[in-house]
Amino acid sequence: MKKICVLGLGYIGLPTSLLFALNGNKVIGVDINEQIVETINKRKVPFKEEGLEELFKKAFDSNNFYASTKVENADVFLIAVPTPLDNEAKLADLKYVKSAANMIYPFLKKGNFVIVESTIPPATSEKVVVPILEKSGLKVNLDFDIVHCPERAIPGNTIYEMIHNDRIIGGLNNRSVEFAKELYSCYVKGNFHLTDIRTAEICKLMENTYRDINIALANEFAQIADECGIDVWKAIELANKHPRVNILKPGPGVGGHCIAIDPWFLRENSSKSRIISLSREINDSMPNYVISKVKEMLKGVNQPMITVFGIAYKGNVDDCRETPALKILKLAEKEGFSIKIFDPHVHKFEYPLSDLNTAVKDTDCIVVITDHDAFKHIDPAKIENLVRNKNILDTRNILDQSQWEAAGFNFNLIGRGKNVS
Ligand code: SAJ
């Protein structure tokens, strides 16, 4: 049985702690946020995630897990804190990673292992984390080991993916990666791929950048298709019949704490990146494109009101981090539009939220931003009498066009060009 001290009890740190605790380890989960620690120790799950509630209860019942604001002596220290983007400089903000390493070093002992799961730019483990840990007077590779084992689980299916996804483990020597493989094998069913520490760091960034670039391409295709009067959704479906093509989906932009951020980390120490920045620019400009479509639909309407369906960054989650909806709302405000918002998954946001009927009352245009399944089940016939003008823009291709048109709505879809001769 190993004693593991996990720093950071968020979307990754908490489920990771619980999985280790349920599989034969003693785990202390540490967070600098007293409220989170208190909530967890009162046996309340601090956020929603499929299967988390059950895991949480079992881990507490096993007596192998508790939360604290303080680090303790342990065999293994695991860093799972966020690495936000310094938005102005477009650089990784390593303040939480540094603060975690600073909390660990006074407790570091000969023979300890430090694992970094947080997403970090290449060489951060060696250049930033190790020097802080060595303030303990101990030497890396001689007295303690460090590995990078990036998390790769998708929000909404985190626990399943934590167990079943392959894991990359990068270290500074063989002993450390073998140790980490053995440690994670208590709950990971996927394969392990052992490598050096910098390769592990860059792999995680490459994965999310690959996705960002492919979404940017889909978004560019959608805009071209709009100009040409072609249905991009149909065209993508057909192009994807090719055995070596897999185009992603266009939409209102890219949100979440990973894909909208990690590409910048890959670019920060390089003079060679071009496609990465361009793709970020394309995805970040999609909210402007959405608003330009809304403006077209609202031509001639006096003092328009729009209703946004969905502010979460993606479907069926309550997570609004980096959501493109926020920029869309701000741009809409600048246009002088009144705004109402309906999101059945989200309960707290920067703008007021309403129930469905209040949100559509007297609106001039409904704009679907998030691909929540719940929106597919809205019956347009039941709300058509509430709205002032029957306009709807679907940015995700989730609605049944014929159903909305049957209720008299002027239906618009991003990437389905209209009126081109
Ligand atoms: N999106 C599109 N079109 C698509 C797919 C996604 O516009 O075809 C948008 C989504 O709506 C959302 C954003 O992109 O706004 C990102 O959503 P996502 O579901 O693609 O990814 P995340 O950010 O929830 O999780 C990603 C995952 N990475 C990859 O798929 C390569 C996950 O495995 C990582 O663990 C996670 O980032 C992370 O923590 O880095």
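Which residues of the largest nonpolar core touch the most other members? In this predicted model, they are Val294, Ile306, Phe309, Ile311, Phe349 and Trp404, out of 55 residues in that core. Nonpolar side chains tend to be buried together in soluble globular proteins.

Let's take one of these residues and look around it. Setting aside residues up to four places away in sequence, Phe309 touches Phe342, Leu356, Val360, Ile366, Val367, Val368, Ile369, Thr370, Phe375 and Ile378. There is also a second, separate core, which has 40 residues and includes Leu9, Ile12, Ile115 and Ala180.

Now for the chain as a whole. Its secondary structure comes to 16 helices and 15 strands. A compact globule of 421 residues would have a radius of gyration near 22 Å, and the 24 Å of the protein chain agrees with that. Along the principal axes, the C-alpha atoms fill a box of roughly 75 × 50 × 40 Å. Among contacts between residues at least 6 apart in sequence, 74% join residues at least 24 apart.

What about the surface and the charges? The protein chain exposes about 19,300 Å², and carbon and sulfur atoms supply 50% of that area. Buried residues, for their part, make up 52% of the 421 residues. The side chains include 52 positive and 54 negative ones, and the centres of the two sets lie 2 Å apart.

Two individual residues are worth a visit, and here they are side by side.

| Residue | Location | Relative accessibility |
|---|---|---|
| Ser17 | helix 1 (residues 13-21) | 0%, buried |
| Pro243 | loop between helix 9 (232-239) and helix 10 (262-267) | 68%, exposed |

Start with Ser17: is this helix 1 residue buried or exposed? Ser17 counts as buried because its relative accessible area is 0%, and the cut-off for buried is under 20%. Its contacts, leaving aside neighbours within four places in sequence, are Val6, Leu9, Val27 and Phe65. One of these, Leu9, also belongs to the second core, so if you have the structure open, you can go from Ser17 to Leu9 and on into that core.

Pro243 sits in the loop that runs between helix 9 and helix 10. With 68% relative accessibility, Pro243 counts as exposed, because the cut-off for that class is over 50%. How far apart are Pro243 and Gly315 in sequence and in space? They are separated by 72 residues in sequence, and their C-alpha atoms are 27 Å apart.

Terms used. Residues are numbered from 1 along each chain as its sequence is written. This is a predicted model: local features need pLDDT of at least 70, side-chain atom pairs count only at pLDDT 80 or more; totals for chains, interfaces and linings use all residues. Side-chain values use heavy atoms; hydrogens and water are left out. A nonpolar core is a set of buried Ala, Val, Leu, Ile, Met, Phe, Trp, Tyr and Cys residues joined through side-chain atoms within 4.5 Å. Buried means under 20% relative accessible area, exposed over 50%, partly exposed in between (1.4 Å probe, protein chains only). Contact means heavy atoms within 4.5 Å. Helices (H or I, at least four residues) and strands (E, at least two) are DSSP runs, numbered from the N terminus. The radius of gyration is taken over C-alpha atoms; the globule rule is 2.2 Å times the number of residues to the power 0.38. Accessible areas come from the Shrake-Rupley method with a 1.4 Å probe; for residues, only the protein chains shown count as cover. Lys and Arg count as positive and Asp and Glu as negative; His and the chain ends are not counted. The place of a charge is taken as NZ of Lys, CZ of Arg, CG of Asp or CD of Glu.
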